[in-house]
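Student: I would like a close look at one part of this protein. Please take the surroundings of the ligand, and then show me how that part sits in the rest of the chain.

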Amino acid sequence: MKRITAIAGKVLIGPGQPIVVQTMCNTHTADVDATVQQCRRLAAAGAQLIRITVPGMQDVESFSRIKASLRSQGIDTPLVADIHFSSQTAIAMAAIAEKVRINPGNFHPDHAEACAQFARFLDVCREHGTAVRVGVNHGSLGSYITGLYGNTPIGMAKAAMEWLEMCLEKDFLNVVVSLKSSNTVVMVEAYRLLEQMMEERGVVFPLHVGVTEAGNGDSGRIKSCIGCASLLSQGIGNTVRVSLTEDPEAELPVAAYLAERYGERLKSSLESSSVKEGTVTAVYDAPSRERLILDATCDWGPALLGREIDELVITGKCGGEVISPELAGYLSDEILQGARRRFYKPEYIACPGCGRTMYDLQKAFEEVKARTAGLKGLVIAVMGCIVNGPGEMADADWGYVGEGGGKVSIYKKNVPVMRHVPEGEAPQKLLELITADSL
Ligand code: SF4
């Protein structure tokens, strides 16, 4: 069995290495100064890899200037170019970035041409020592794959394997793989299937793990931790990104927690636990609310997701105070929903935003949540751009997508039902459409 270690600049990603913490800028790449400033803050806050979107050839020059500026300031954090819909841009960035992420589902619309362009791309990566991420996303699988396997975990794993085979054929091994979904069950199953397929193939590439479009606040952290902990606790995963619809700095403490915990440098604040008829009663002495949430989620989220247990009762202390019944009940509800065992509120999908984001995504997400909080049972997506957003919403019932120019498109099950809605009116319009649909 060959286990691969990928190298992006100074960072090693692979077996026996510490779990690498990464994040992504949400500034516009063309705004070089803002992106450089954000990269500086992210590097200072502990990001070991920083991803920047490169929407097209017009942004290649900006990326080069961002990189040059950071290097001139002594910041050598490897930069990852994030590419969708433009194999030409991926090939250009292979000569500039330390790592390039491509999405096989949208690398090129024609499958035969995608394979030919990918071979060219790998040649440039090899020449420049550039690492590659084969970044498959549930919801943006190519039609070639969905025609064979549907939009499923096995389809995701097969899509990744197909591109890994192309890397193996070219003897190009500087590769990391990801299979992200906002659905924790789908995401965990896809990664496990891929790990098994790679083991059967005899070559295991390092894995970038994360729950995509996890949302924000406690829910976003809990969903991310359930997905990542389910894998990292089994030794699956070499680098982690926690995607939150917040400033990217906020992602880093959660990712660092996961890296430390599963790098065995951090222990849970769990004092004791007992199980009776599928219900776990867990006693904590957590130093803070944040730690209680992360500890309880990682301690019990994987077992809930795996249906090894059914209920969670949290007691004990947090920050020196007795954990209130309200906090205990809320936390249990959130962890059960994150593990997709019981839904006590709508399920939200929200992208973290990036340089393609066309509006105030964080504000829009809060407004949508406030208007739709009572609609238990629905899946509502809030996405930052019209280019990638609709394709990435996967199994959302309703989608709210920024078009740019102060306008929003509203989708029902991936079909646009209202376009060009002014941003100020869009949350109410969404609620009206959902209400009319349920009459
Ligand atoms: S959907 Fe969100 S994170 Fe994805 S490319 Fe668009 S703005 Fe960026």
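**The ligand shell and its setting**

Tutor: The shell around the ligand divides into 5 nonpolar, 5 polar and 2 charged residues. Keep in mind that this is a predicted model. The residues around the ligand come in groups along the sequence. One group is C351, P352, G353 and C354, with R356 and T357 also in the shell. M383, G384 and C385 belong to it too. N388, G389 and E392 complete the list.

Now place the shell in the chain. The domain assignment gives domain 1 (2–262), domain 2 (270–338) and domain 3 (347–438). The shell residues, C351 and E392 among them, carry numbers that fall in the range of domain 3 (347–438). The centres of domain 2 and domain 3, taken over C-alpha atoms, are 32 Å apart.

One shell residue leads out of domain 3. E392 is around the ligand, and E392 is also in contact with G139. Leaving aside sequence neighbours within four places, G139 also contacts G391, M393 and A394. G139 itself lies in the loop between strand 8 (131–137) and helix 5 (143–149). G139 counts as buried, because it has 25 C-beta neighbours inside 10 Å and the cut-off is 20 or more. In sequence, G139 and A394 are 255 residues apart; in space, their C-alpha atoms are 4.1 Å apart.

Next, the cores. The largest nonpolar core has 109 residues, and M93, V100, A160, V177, L179 and L258 touch the most other members. This core draws at least three residues from each of domain 1 (2–262) and domain 2 (270–338). Take A160 as a sample. Its contacts, leaving aside neighbours within four places in sequence, are V134, V136, V177, L179 and L194. A second, separate core has 28 residues, including A364, F365, V382 and A396. In soluble globular proteins, nonpolar side chains tend to be buried together.

Domains 1 and 2 also offer a pair to inspect. S233 lies in the loop between helix 8 and strand 12 (239–240). S233 is partly exposed, with 16 other C-beta atoms within 10 Å. Leaving aside neighbours within four places, S233 is in contact with Y262 and P302. S233 and D299 are 66 residues apart in sequence and 9.8 Å apart in space, C-alpha to C-alpha.

Two backbone angles deserve a check. Most residues other than glycine have a negative phi. E213 has a positive phi, near 50°. E213 sits in the loop between strand 11 (208–209) and helix 8 (217–232). With 30 C-beta neighbours inside 10 Å, E213 is buried. H420 also has a positive phi, about 55°. H420 lies in strand 21 (residues 415–422). With 11 C-beta neighbours inside 10 Å, H420 counts as exposed.

Last, the whole protein. The secondary structure comes to 14 helices and 21 strands. The radius of gyration is 21 Å, close to the 22 Å that the globule rule gives for 439 residues, so the protein is as compact as a globular protein of that length. The C-alpha trace spans about 60 × 50 × 50 Å along its principal axes. Buried residues make up 54% of the 439 residues. Among contacts with a separation of 6 or more, 67% join residues 24 or more positions apart.

Conventions:
Residues are numbered from 1 along each chain as its sequence is written. This is a predicted model: local features need pLDDT of at least 70, side-chain atom pairs count only at pLDDT 80 or more; totals for chains, interfaces and linings use all residues. A residue is near a molecule or strand if its C-beta atom, placed from the backbone, lies within 6 Å of it. Ala, Val, Leu, Ile, Met, Phe, Trp, Tyr, Cys and Pro count as nonpolar, Asp, Glu, Lys and Arg as charged, and the others, Gly among them, as polar. Domain bounds come from an automatic or database domain assignment. A nonpolar core is a set of buried Ala, Val, Leu, Ile, Met, Phe, Trp, Tyr and Cys residues joined through C-beta atoms within 7 Å. A residue is buried if 20 or more other C-beta atoms lie within 10 Å of its own, exposed if 12 or fewer, and partly exposed in between; C-beta atoms are placed from the backbone. Two residues are in contact if their C-beta atoms, placed from the backbone, lie within 7 Å. Helices (H or I, at least four residues) and strands (E, at least two) are DSSP runs, numbered from the N terminus. The radius of gyration is taken over C-alpha atoms; the globule rule is 2.2 Å times the number of residues to the power 0.38.
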